[in-house]
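Here is a short report on one model. It starts at a single residue and works outward.

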Amino acid sequence: MQRLDGKTLSQSIFARLSQATAAFRSQTGTQPKLTVISVGEDPASKVYVGQKQKRALEIGYAFEWMLLPADISQEELERTIKVHNQDPQTHGLLLQLPLPDHLDPLSAMHLIDPEKDVDGFHPLTMGRVVEDNTDLYPCTPKGIVRLLENAQIPLQGQNVVVVGRSQIVGLPISIMLINRGATVTVCNSKTQDLGHYTRYADILIVATGQAHLIGPDHLKEGAVVVDVGINRLMSGKLVGDVDFEAVAHKVSYITPVPGGVGPMTVAMLMEQTFTCACQQQNLDPLTFLSQEEA
């Protein structure tokens, strides 16, 4: 069993981005900027935004955190988004979820300029994902593909089972793997006899938010397992949707929780911020980015 170590790979990506950002600033006189809009005092959201801020500043980006009051109106929220859409110094823009119940997240997210859509959630972005004609993707699926490709795990012709159908992970990763020649089956937590499907998987991707949903009886020998779930047990321990210890003897590769997919999501967000900054200067990001990774 080998770990698909997202923490190590993400550190390599951050180092590349730091060097690329310095070169970009030297050539253009422009500093890539990521702006995050959040609403209210949700503790988890504040932690997540804080992590993004820390990483962005370490790379050399400018970072702006628009922390809006919990009672803000939909109109005021959307006005804030439009202001940053029009701000040439903001290259990447995202709306941190969840929002308070009185706000409509889809309406707000759909207002984000697709050219600044670093989260990859805009309908136009998703249409480009289907066409396989974009540099911007939902960050978690993009991170999963990067992990698999970096480990030289073949995708073409492989039987892939995705458990979870969300527009954030399950749906886009399914499309991205179909575009790479995989045979993809999509299940969810309500699928009857889930093991019937998962036991055929060469690659199993699980994103349901149900702790230890997947055990050894769900897997065939030598399967590759990507665990997107992150769940906190009563003991306080963080675990995934897969029972890591129980399946370790049966898999060929597996992502740990934490330290697997999570760091890659942040890395892809930072990479896409740089991509947006380059594209808005009519430059190719690959001009600045080394191709070497861990």
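Leaving aside neighbours within four places in sequence, serine 166 is in contact (heavy atoms within 4.5 Å) with Leu171 and Pro172. This is a predicted model: local features need pLDDT of at least 70, side-chain atom pairs count only at pLDDT 80 or more, and totals for chains, interfaces and linings use all residues. Residues are numbered from 1 along each chain as its sequence is written, and side-chain values use heavy atoms, without hydrogens and water.

UniProt, in an unreviewed entry, places a "binding site" at Gly164, Arg165, Ser166 and Ile230; such annotations may be inferred rather than shown by experiment. Two residues of this site compare as follows.

| Residue | Loop between | Relative accessible area |
|---|---|---|
| Ser166 | β5 (159–163) and α7 (170–179) | 34%, partly exposed |
| Ile230 | β8 (223–227) and β9 (231–232) | 51%, exposed |

Buried means under 20% relative accessible area, exposed over 50%, partly exposed in between (1.4 Å probe, protein chains only). Helices (H or I, at least four residues) and strands (E, at least two) are DSSP runs, numbered from the N terminus. Isoleucine 230 touches Leu238, Val239 and Val257, not counting residues up to four places away in sequence.

Now the interior. The largest nonpolar core (buried Ala, Val, Leu, Ile, Met, Phe, Trp, Tyr and Cys joined through side-chain atoms within 4.5 Å) has 52 residues. Those with the most contacts inside it are Ile144, Leu177, Ile205, Met270 and Phe274. Helix α10 (residues 261–279) gives the largest share of this core, 10 residues. Apart from it lies another core of 15 residues, including Val161 and Ile214.
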